[in-house]
Structures are given as structure tokens and as C-alpha cells.
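Here is a short briefing on how some chains of a protein model meet and how one of them is built. Look at the structure first, then read the points below.

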Amino acid sequence: MTALDPAETYRQEAQELLEQLEQALLDLEHAPDDTDLIDSAFRALHTIKGSGAMFGFDAVAAFTHHVETAFDLVRKGKIAPSRELIAVALAAKDRMRLLIEQPDTVDTTPGDAILRDLEAIVAAPEAPIVPEAPSSAQAKPSATTWRVRFSLAKDAMAMGTNPLLLLDELRTLGVATIVARTDGVPPLEVMMPTDCHLAWDVVLTTGQPRSAIEDVFMFVIDDMELSIDPIDTTSDATRIGEILVDRGDVRQEAVDAAISSQVALGTLLVKSGHLTEDKLAAGLAEQQHIRVEASAAKGAAKAAGQGADSIRVPAERLDELMERVGELVIAQSRLTQVAAASGDMDVKSIAEEIERLALALRDTTMGVRTVPIGSLFGRFRRLVHDLAHELGKQIELVTIGEETELDKTVIERLNDPLIHLIRNAIDHGLETPEGREAAGKSPRGRITLSARHAGAEVLVSIVDDGRGLDRNRIQARAEEQGLLAPGVKLSDGELFQVLFQPGFSTAREVTSLSGRGVGMDVVKRTIEGLRGKIDIASTPGSGTEMALRLPLTLAIIDGLLVRVGTGRYVLPLSAVEECVELSVEEDARSRGRSFLNIRDDLVPFLRLRELFQASAPADRYQKVVIVSSGDLRVGLVVDQVIGNHQTVIKSLSKLHSGVETFSGATILGDGAVALILDIAHLVELGMAHESRLKAAG
Amino acid sequence: MSPWNGGRSLEVLTLGLEGEIFALEATYVREILDLTPITEVPNSEPFVNGLINVRGKVVPLADLRLKFGMEQKPPTIDTRIIVIEVAIDGNPAIVGIHADKVYEITQVAASALEETPRIGMRWRPDYIRCIGKRGADFIVVLDVERIFSMASSREEPPSAGYPSPQLSAA
Amino acid sequence: MAKTILSVDDSASVRQMVKLTLSGAGYTVVQAGDGAEGLAKARDTTVDLVVTDLNMPVMNGLNLIRELRKLPSYKGVPIIFLTTESDAAMKQEAKVAGATGWITKPFQQEQLVAVVRKVIGA
């Protein structure tokens, strides 16, 4: 569910901005002349303040205002971004976060102290640096000014229509000036309060089309009077007389007559009975609106403002966009099929061009909703730094694969589990400097966060070089707690899964960090909620690795289409190493053996015909597709390798969630459904099969 | 467990499976399709072991004949797929249901509806919402939500060595 | 204080979807399974909005709307009904009966929230 509460939207936006601010400040320390960084910090402050005021976060708005002012001075070159200023700004940023999370904080002492420090710095400027003023004229989207006049049916309000909400909706379309027309209101004695006697004149300047205005009235349009007319704002038609004539409220002659005397035209017209007060007010409002818009347009053209680097878009729109692009890719692959079969050179070359464009569009669109995981990793730098201090440990954080892109919602949901895993690693995994030295390691522990794409998945891992997991202790404890039957033999990987059982704990005491309610069971559930998997590996004395595997749900990947029996299946091309034809001799030789001999390489294999119980007769020459998952390779034996296929991934329904062999489905050019193979799972199966056969001798 | 109707009439879609007449409440029904190519999902539960393409959406196909111990005879020209929308564990899901024949959408008066008998029924009572009488025929109204919630909440196969969740000591 | 919405529909799935969607959007949702139950609940507490299907047993949506409009406490309370797209005649009839607006079936969660916001705000 998307967050629909405005305060929540602000909080999310503010989180991102606070991170942006922190990054900018940290980087500014090393590069105080970088104007982009200064601007980035300023923009973040500006928005946090402005939006905060709008959504009722008054404390943070007021506080941030001062910081923004200070950074405005930096922007203008009046003060330099010294180390002291940056330190205070970082403290201020923490204060802002607090004020957002706890807006009712009463104690202002810490905040006041920060502001005093800020003032001290600002008042004693160091040698100012001169930033280059970036001048980008802000192009205004083409907007039209409309005159919207409407009145509702008398019983509209009794029937539940709220005119105020209609007016609010109009306001969301752009800049609106609203005048209520009371001429139709009867005397109090005869008036029914639930009847609607008011009419409204709205002057609206909006970039939206006319249909957006009509949509506001969609439920009442059949029973109301509504006129929507564009107003020409370019000419100097802002004199009240002209406006009133244009609106049809007075005749030109009356205007002319009134002008010839020198009193304000509008007043005269009212006095002479040609115009009601009401209509004059509305006309003047239109005049004012147009004048304001005209000067704003001129102002914007001159202003050396910052163009927005990004816009916010509702996630549903992006989902729709992805779906359309997916459909386009499917249709394009059909086109390519048909073009290949046709002899027409023109059609073939156009089909190629369209293929090129579709792929480019695919890449761009996928990039819109995805975000590099570096944004998440970046947040952890501070966490690790603070934790290290708190626990008296020395820790180095290494990140690999920061540019690996994931869907934005997935990244957000990974935040908490990753924090928990990092905390665990620091709290339980890494030893103190003394402990490490005693063990012959360098006193500085290392945590490595890495991420990479593998086929239709993303692999994220957290590795620490600490003491590792004590197998025996875990097994003993699990048996004690009844989570494990005594004496059962398990591999490390299987045993460590018990750490995810709710209530399991080997910690002798619960430190203030871990054991705070976000247990390992919640971590596992969150990862599984993303349809991912989490595995633990460890070497006693050397360290522990937590490996997360997450499917790319919104994806169009390069796939390899194969046929097994009568069914067609897709493998992610990135997992495919090569395709080889299986000679009849090798086919025969491999029966009952645990490996295939592929150019003198011994490769474990799986016959997909057997795995999928294909009954149709086998192709004489089977093919082997050699795939890899991590360091492991497996050969998949299929009837036919059909070729490359742009695969639009569709997730499988909950009803099929237990079938681990497949990670999703796709629609082929001819409309049939093909299942996408889960390479990691198949590799596991292949290895297990090989072990069994070997064990059987 | 959704209570049966208790005194209100029902609008239902009647369908045939192996000569028996069943019904689905019309509000679940999104559309009715002719038979379209079905992709088999190897190693899946036989009840939902197919996938179909409904205008670009990959939709699982369920065969209720398996729930009622019926033979799965090959399709005929009357075979249809009823696409329904049902909440599975709170989330709306689209599923296709195989039907040998689709009859009509009809109202069954409240007076003609009876509670499902607990015993003596040919079909498993859990899957059935209530029984309707129409002339000499009985219309068995299916409890769609129950059928699918039970299909999706299969227990996780116990991992090696660990007892399955309900059995472990709390 | 969150606004209250009465959702009247004889389909459990639709009721569930409506409840999940709108409570996620910050409203409190009360449910009824047919027109009569809906009317009874509406009398008990005056809600801020009623969303009702038309085709229901015991008392259908049109009659529910008419009955609601007879109640003085429901003067000015918006009533939205669910309809299939092509049913212009039904829309007309429902408006005459006193409905404020409609949602076309089948609908997405976002559309439901948009219409509710349009008619009673956040």
C-alpha cells in the first residue's frame, strides 16, 4: 500500500533530503569549493523547511529556517563552508531528524545551542569564496488562464456534493482566484440552509488541459451550469472595463459612458446600476489574477533560479509505464519473428530499428524505478561509525557494487533487515581490538557490504571477518530449546537457519543493540516477503557471511528460450555460459553417471525432461545449456535451444509460491506462457543429484 | 469461515463439471473465456498446475474436478475458462477455473437455498457454501474463498531436521 | 479524527478490498452485507460517506439510497454507488434516487481512493 497520509509523505521526503544533506556536508568537508555540493545542501534545507511548514511540522520548519539562511550566505559567497560550520550543520541535521520523528519535542535547549553556534560562525565570516552563480532560466510550462463559472443544482448539497471540495480540487490544478457570487441567495427567512444558492467565478491559471477542469465536476456535470472559457492574458487586456465587457457583464456603451467621467470605472458602473457589486468584485479578481500571473511570468524569465533536477511521480504511474513497455517488448519480438520470415527488406530493416529503440526504451524505463543500492550503503557508513564508537571497536566498512540497481520499494524494505544484520555482525561477530590481536588479526575489523546482479536476481551480502559462528553451541542450544531433534546431522547451511527461528538466542545477555524486537525471524520474514532467500555461512575464527538473494520483479531481461518436451522455458541469459550439443555417445555414457564430459570438463547435470516429466518423444540430439550460479556450474539437458528472447518477467501467483524451480513467467510472441527457470535452485538440485549419485557409488 | 446466506437470494453463475451442476457467486466472476492454450507448471500441485494468458496477464488455472475426485476428461467445444477475482489471504487475486460447460447467470431465491449438510454429502462440505434447489435439480454453490485459501496455505515442507511450525514447542 | 465510511456490498471480497484500501488511506470503514443491514448501521452512526453496490439481496442499493435520503441526518452526506461502465440508465436512476457519485467496476484501489477523496476529502 502506498503511503497516502500527507504527513507520512513529508516524512519520507524529508528522510531522503536529510540523507542528501548529510552526504553533501560530508563531501563538502573535502571539497569546500564545490558549488554543486553547496547548492545540494541548500536545496535540501529549503525543501525541508518549506514542506515542513505546509504539513504542520512547525518546529522543524522554524529550526531549519536558520540553517537555510546560513547556507544561503554560503551560496552567495559571503561565508565559507568551514569545518566548524559543517560540524554544526551536521548536528543541526540530526536535530532536524529528531524534530521530524518527534514533532512534539518540548525541550528546545539542544536546538537552541546549535543555533547559537550557528550564529557565532555566521557573524564572524572567514574569507568568502566566490561561487559562480549558475544561471538557468526557468522555463514555465505552457499555461492557460481560464474563466470557470459555475452554479450547482439547488439540491446538490443535500445530495452530498461539497462545493468547497470542488473548489479545492480546482486549486490543485494551478493558481486560482475564487469569488463567490451571492446574488442568488434569497433572504434569510425564506432560505433553506441545505439548498445551494451560491455560484462561483474562478480564474484559474493551469498547465493542465481543459478536460482536467471538466473532470473536477464529473459527478455533477449533468445538473449544473458550467462555463469554461480561456482568457487572453498576453494582450494588455487587464483593464476592468474590457474584462467586464468580455465577461458579458456590461455593454461597451456603458463602459464608455462611465470612462468619460473620471471616477473609478467599476464604482461608476455599479452606481449607475449597470453592474452589481458582486460582478464587479469578480471582475476585479480576474484582473488581479491576470496581473499577478503576468508579472510572475516575467519574473521567472529573468530569475537565475535552480532548475529542478528531479520530479516526484506516483509509483503507480511508473508501474503502468513499465507494463506498457513490457507489452511493447512482447509485440516487438513478434514483429521481429514475422519480419525474419518475410522476404521484405524494408520490413526487416524497420523491425531492426524498432528492436533497437525498444531495447533502449526498456533500459531507460527500468532505470527510472530503480535506484543504486549505494544509497542504502551510504546510510550505513554513519551507523557503523557510531556503533564502532559506542562499543569501543575499530571497524572498517567496505562496500562493493554500489552501482547495482534495485527497485526503489525493495531498497526501502531492505533497510531495516540490513541494519539488523550489520548490528549483529558488529555486536556479536566482530571482536574488540584486544580480542582480535590476541587472535592474531589486525585490531581493525572489517565489514564488507556487496551487491551484484546475477541473472534475474540481485545478490546482497554482508561479510564480517570476526569470530564466526560456533556450530556446536548453536546446535546444543537449538536442541535445548526443542527447535531441533537431538543428534540430527545437518550441514552448516541447514543448521544456521535455526538462527531465524523466533525466540532462538545464544547471546548470554541481550545488548542494547540487538534483541530490540527486530529479531532475525523478522529479518527472514521481510526478505521472504520480497520473495527472496537468506543464507548464512561461517568459518570459526575467520568470519560470517549473510547472503541475500532477491528476485528482480520489475524486469525485462535477456533470456534464452528452450524447449523441454512440449513446454517452453526461459533461462536468464546472464547465467548461461554456453550451449553444447550432446553427442549420442556422451548421452549414452552419461546415464547413471553424475557428470557430463564437456570438452574434457566434468560438469554435473540435470535432465530437464526427467525433472519436468516430459512425455513427448525426445529430440534425437539433446542440447546442454551450461549455467552458472556463483562459482558452481551445472549442465541443463533440454530438447531444443530456440534462441534469444526479450523476457518480460511476470510474477507467479501465490498459488504457485511453493514451486521453487521457477522464479516467474513470461508471455511469448505467440501468446503462450513460458516459465522462467530459477537458476540458483536448479544448480542446487544439480549438485544434490551429483552428490547422491556419487554416494551411491 | 464465511457463514452461508441466511435468508437472502443469490445471483450465481452455473457451470457443469462431469455432469454435475455447480455455481459461483456472480460477484466473483470477471469474464468467461473459450479454451486457450494452457502452459503446464511441472511439479506443482495438480489442482493449480496450469497457467494461461489473459490479455497479457499470467493467470493460474485451477481444475476443480480434482477437488471433487472427478475424472479429468479431455476438453470439448463446450469447455470454458471462468476468470474470477477472489481474495486469497486478504489480497485480491485473479484465477481461472476450468468448466466443462457454462450455463447462465441466474438468481436463486432465498427460499430455495439450504445450508450445506455436514454429513451425507457427496462433496467435501468445506468447499460448499450452500445448496440451491431449482425444480428437480440441486445447485451446489461453491465457497470460492475457502477453496483457494486452503490451496494457498499449504504448510511449508519441513526443512531437514526441523519440525514443522505447528509442532515445535512455542 | 478519521472520517468514517460505510461500505455496503454483498460480496465478501469486495467488502474486504474496500476496507483494506480505505483504511490504508486513513479512513475508518464500517461494513454491511445488504441494503437493510446498511440502513440499520447508517441509522446507528451517521457516517461521513456511504459506498454501496446496487445489486444486493434483501434491500438493493437504489432503495438504500432512497431510504438514506429520507433520514434528516443524511442530508448532505455523500453516497457513492458501484456500477458497470455501460449502465447510463442506472446512473441516472441512482442520481434521481439521491446518489452523489459513482465508481465503475471493476476498479483499482487507487481509483477508489481518488473518488473517495474527491467526494469527502482526506
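Across the interface of chain C and chain B, 1 residue pair is found in polar contact, with both residues at pLDDT 80 or more. The pLDDT values belong to a predicted model, and everything below should be read with that in mind.

**Where chain C meets chain B**

- On the side of chain C that touches chain B, the residues divide into 5 nonpolar, 4 polar and 2 charged.
- No salt bridges turn up across this interface: the count is 0 for chain C and chain B.
- Chain C brings 11 residues to the contact, and chain B brings 12 residues.
- The area buried between chain C and chain B is about 900 Å², and carbon and sulfur atoms account for 50% of that area.
- The size of an interface is often expressed as the accessible area lost when the parts come together.

**Where chain B meets chain A**

- How much area is buried between chain B and chain A? The figure is about 2300 Å², with 63% of it coming from carbon and sulfur atoms.
- Contact between these two chains involves 26 residues of chain B and 27 residues of chain A.
- For chain B and chain A the rule gives 0 salt bridges across the interface.
- The interface of chain B and chain A has 5 residue pairs in polar contact, both residues of a pair being at pLDDT 80 or more.
- Four elements of chain B give two or more residues to the side that touches chain A: β4 (39-40), β5 (50-54), β6 (57-62) and α2 (144-152).
- Which element gives the most to that side of chain B? It is β5(B), with 4 residues.
- By type, the residues on the side of chain B that touches chain A divide into 14 nonpolar, 8 polar and 4 charged.

**How chain C is built**

- Chain C contains 5 helices and 5 strands.
- Along the sequence, the elements of chain C follow the pattern β-α-β-α-β-α-β-α-β-α.
- Of the 122 residues in chain C, 54% are buried.
- Taking the contacts in chain C between residues at least 6 apart in sequence, 62% join residues at least 24 apart.
- Chain C exposes an area of about 5000 Å², and carbon and sulfur atoms supply 52% of it.

Methods: Residues are numbered from 1 along each chain as its sequence is written. Chains are lettered from A and ligands numbered from 1 in the order in which they are written. This is a predicted model: local features need pLDDT of at least 70, side-chain atom pairs count only at pLDDT 80 or more; totals for chains, interfaces and linings use all residues. Side-chain values use heavy atoms; hydrogens and water are left out. Contact means heavy atoms within 4.5 Å. Buried area is the accessible area (1.4 Å probe) that two parts lose on being put together, summed over both. A salt bridge is a side-chain nitrogen of Lys or Arg within 4 Å of a carboxyl oxygen of Asp or Glu. A polar contact is a pair of N or O atoms within 3.5 Å; within protein, one must be able to donate a hydrogen and the other to accept it, and residues adjacent in sequence count only if both atoms are side-chain atoms. Ala, Val, Leu, Ile, Met, Phe, Trp, Tyr, Cys and Pro count as nonpolar, Asp, Glu, Lys and Arg as charged, and the others, Gly among them, as polar. Buried means under 20% relative accessible area, exposed over 50%, partly exposed in between (1.4 Å probe, protein chains only). Accessible areas come from the Shrake-Rupley method with a 1.4 Å probe; for residues, only the protein chains shown count as cover.
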